[in-house]
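Me: I would like to learn how to read a few features of a structure, beginning with the contacts between protein and nucleic acid. Could you take me through them one at a time?

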2 protein chains.
Amino acid sequence: MKRPTIADIAREAGVSKGAVSYALNGRPGVSPATRERILEVAGRLNFHADSNARALAGAKARVVGLTLQRPPSTLGVEPFFMELISGLELELSRQSYALLLQMASGRDEELAFYRRWFAEGRVDGVLVCDVRTGDPRVAALEELGVPAIVIGPPDASGGLPCVWSDDAQSMVEAVEYLAALGHRRIARVGGIAEFAHTAIRTAAFTEVAARLGLTETTTIPADYSGESGARATRRLLSTPDRPTAIIYDNDIMAVAGLTVAHELGISVPGQLSIIAWDDSPVCRLLHPPLTALTRDIGAYGVRAAHLLLAAIAGEPVASTHGAPAHLSPRGSTARLQPTTA
Amino acid sequence: MKRPTIADIAREAGVSKGAVSYALNGRPGVSPATRERILEVAGRLNFHADSNARALAGAKARVVGLTLQRPPSTLGVEPFFMELISGLELELSRQSYALLLQMASGRDEELAFYRRWFAEGRVDGVLVCDVRTGDPRVAALEELGVPAIVIGPPDASGGLPCVWSDDAQSMVEAVEYLAALGHRRIARVGGIAEFAHTAIRTAAFTEVAARLGLTETTTIPADYSGESGARATRRLLSTPDRPTAIIYDNDIMAVAGLTVAHELGISVPGQLSIIAWDDSPVCRLLHPPLTALTRDIGAYGVRAAHLLLAAIAGEPVASTHGAPAHLSPRGSTARLQPTTA
DNA sequence: CTGAAAGCGCTTACAG
DNA sequence: CTGAAAGCGCTTACAG
């Protein structure tokens, strides 16, 4: 009842171990008849090649690694990572790859895991999330010369291929939409300022606002948590010339913002319009449902996995852009009421 | 610049490869002085033992596996799994174990992954979530005789050790609390009926209601999605003798329920009290904030990982109970107003 | 306490 | 097209 090995199959099929290996891996070197016999025996014995032996003998480990910052608060809330992982695995499974997932408490620890994984021969490649400009992980992975894909904007990806979409374009769409509804005082509650995509959104926000002649725009930095979103919203809504529209860099801060508005007796969307960046089921469940910037995060995952597997296979790999987040207008945004302006 | 091997260390330290292995693994067989010299060299060369070679030679792979149902909708929303994984890894990392995560589309596929992982020597043990009564995965893992821990109630764990808490006790606490507030018509929107813990909650709900003389209790089965929660809530609130309190089996359905109540002009908590089972940041952000049954999910993870590693080490392992979910009263529950009763 | 050797289960040149 | 053999980097009895 021990696990069958290629030696068992070779004996059973009356061939050498080498022939079994060639047959199982779809390589030339065995006649069609022999190959079929070998595959039949392997199937009958329910054979699965030992992954460790395979990797040790020079084949791939068939594992890729992903590290995430351990949730101070928001990781569990935002659907981003679960959707991303779901997409990643869709593609990885297709090629019999597995995903090693590791929570880390900081970038240094993430980097240490990456180094160790490669040193131990555990992974064939890795994915990098939440990149910052000048991210040390990018530089280190480039230097190691290992297969790695960045899930983030090209600006911070150095020489590594990346998968991302044009956040600037989505930001422009959101601001122009609000402006078309008559809003002139538009504020933004941003994500963690060090993340490269946050900087891109901030720049785009400032730029489009200037182009549209909106002078009273503010971005308040926050950290994706509900508390930070609530605090920023209170600050914004307590100013004399308070904004009539706020764009939030994630859904949880937008939910918090909606509640703060209720708390202050400011009606949404009557006196305040709200947009959440990254849609989630919760956005649709609230009253009013939140207008959101929606994107197919799972598709990023599929694409990132695809690129990584190509890189591991030694194929040339180029960064790709996914479809940008698009506006899903719902009840939380409306034409500015002249009386309250 | 190749990765250093124990042969390199042996040469550098002037000892045999065997001695290096013993020294690195903290085994007897080398003198303290030799051991120290070996460790010094290993550290200097930044040595990390090849994981595949180690596993192939009979040591542990130092990997455990976890499969989750691919998110039809709710996986990304509920913080449960991210918190669980976070807890798991806290303990796994302490012992230099890694986590293999795999999304599956059903129990059959989950089971196939488990089988393959063991056949390929990829994992030393696995964790099982979302168990049903008579779950085939439990029976299969028992038959395989591999280290496995169930994260779920003992009723469905068969001979496998499990980590869970007393859901019945928490249900009793919630219902008694509502009864103490004067509620007599209490309803419940349940989770997926096939899950073992759902059955336990349903039984406890029925039992405590009977004990308290509450005759008009209903449980409507749902699937954790916001849509199903909204639908169930509409049904409940459209009956002539509508409930004055509803307990939801997850937070997302509770959010949906709150919105439906608003939509129907039923005030919360004035005319309807709401309790969510499993707390989340969103619960605290709503208006009113949701009363919830709170538990330390990360602690489950730590405990489950601890048990699994013990089982892998060949130690005897017994199921353990974590602290039950406790009531966190917030704004969504209140004394029943006599006028609206 | 230490060294030399076998073996884990594969893959891959290398001869036939 | 096929077989016999070396080797991947460890661990672990087994002699000294």
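Reply: Let us begin with the phosphates of DNA strand C, bearing in mind that this is a predicted model. A phosphate oxygen of DNA strand C is 3.4 Å from an N or O atom in the side chain of A:Arg27, while polar backbone atoms enter the picture in chain B, where one of B:Ser16 is 3.3 Å from a phosphate oxygen of the strand and one of B:Ser31 is 2.4 Å from a phosphate oxygen.

Me: Which residues around DNA strand C come nearest, and what part of the strand's atoms within 4 Å of the protein belongs to sugar or phosphate?

Reply: A residue is taken as near when one of its heavy atoms lies within 4 Å of the strand. There are 25 residues around DNA strand C, of which A:Ile6, A:Ser21, B:Gly29, B:Ser31 and B:Thr34 come nearest. Of the strand's atoms within 4 Å of the protein, 58% belong to sugar or phosphate, and the rest belong to bases.

Me: Which element supplies the largest share of the surface near DNA strand C, and how is that surface divided by class?

Reply: The largest share comes from α2(A), with 4 residues; in chain A, both α2 (17-24) and α4 (51-56) supply at least two residues of this surface. By class, the surface near DNA strand C has 12 nonpolar, 8 polar and 5 charged residues.

Me: Turning to aromatic rings, how many aromatic pairs are there over all chains, and why is the pair of A:Phe113 and A:Trp117 tilted?

Reply: Ring pairs are judged by the distance between centres and the angle between planes, with planes under 30 degrees apart counted as stacked and those over 60 as edge-to-face. The count comes to 10 aromatic pairs over all chains. In the pair of A:Phe113 and A:Trp117, the ring centres are 6.2 Å apart and the planes stand at 40 degrees, so the pair is tilted. Both residues lie in helix α6 (residues 107-119) of chain A, 4 residues apart, which is about one turn of the helix. A:Phe113 is buried, with a relative accessible area of 9%, and A:Trp117 is likewise buried, at 2% relative accessibility.

Me: Where do A:Trp164 and A:Tyr300 lie in chain A, and are they buried or exposed?

Reply: A:Trp164 and A:Tyr300 form an edge-to-face aromatic pair, 5.6 Å centre to centre with 70 degrees between the planes. The pair links distant parts of the chain, with A:Trp164 in strand β5 (residues 162-164) and A:Tyr300 in helix α13 (residues 297-312), 136 residues apart. Both A:Trp164 and A:Tyr300 are buried. Ring pairs also link A:Phe113, A:Tyr114 and A:Trp117 into a cluster.

Me: What sits over the ring of A:Trp277?

Reply: Here one looks for a charged end placed over the face of a ring. The charged end of A:Arg201 sits over the ring of A:Trp277, 3.7 Å from the ring centre, and in chain B the charged end of B:Arg201 sits over the ring of B:Trp277, 3.7 Å from its centre.

Me: Finally, how many disulfides does the structure hold over all chains, and why does A:Cys162 not bond with A:Cys129?

Reply: The structure holds 0 disulfides over all chains. A disulfide calls for two cysteine sulfur atoms within 2.5 Å. The sulfur of A:Cys162 has its closest cysteine sulfur in A:Cys129, 12 Å away, which is too far for a bond; A:Cys162 is also buried, with a relative accessible area of 0%. In chain B, the closest cysteine sulfur to that of B:Cys162 is in B:Cys129, 12 Å away and too far for a bond, and B:Cys162 counts as buried at 1% relative accessibility.

Conventions. Residues numbered from 1 in each chain as written. Chains lettered and ligands numbered in written order. Predicted model: local features only at pLDDT ≥ 70, side-chain atom pairs only at ≥ 80, totals over all residues. Heavy atoms only, no water. Polar contact = N/O pair within 3.5 Å; in protein donor to acceptor, adjacent residues only side chain to side chain. Nonpolar A, V, L, I, M, F, W, Y, C, P; charged D, E, K, R; others polar. Phe/Tyr/Trp six-rings, centres within 6.5 Å; stacked < 30°, edge-to-face > 60°. Buried < 20%, exposed > 50% of the residue type's maximum accessible area, 1.4 Å probe, protein only. Lys NZ or Arg CZ within 6 Å of the ring centre and 35° of its normal.
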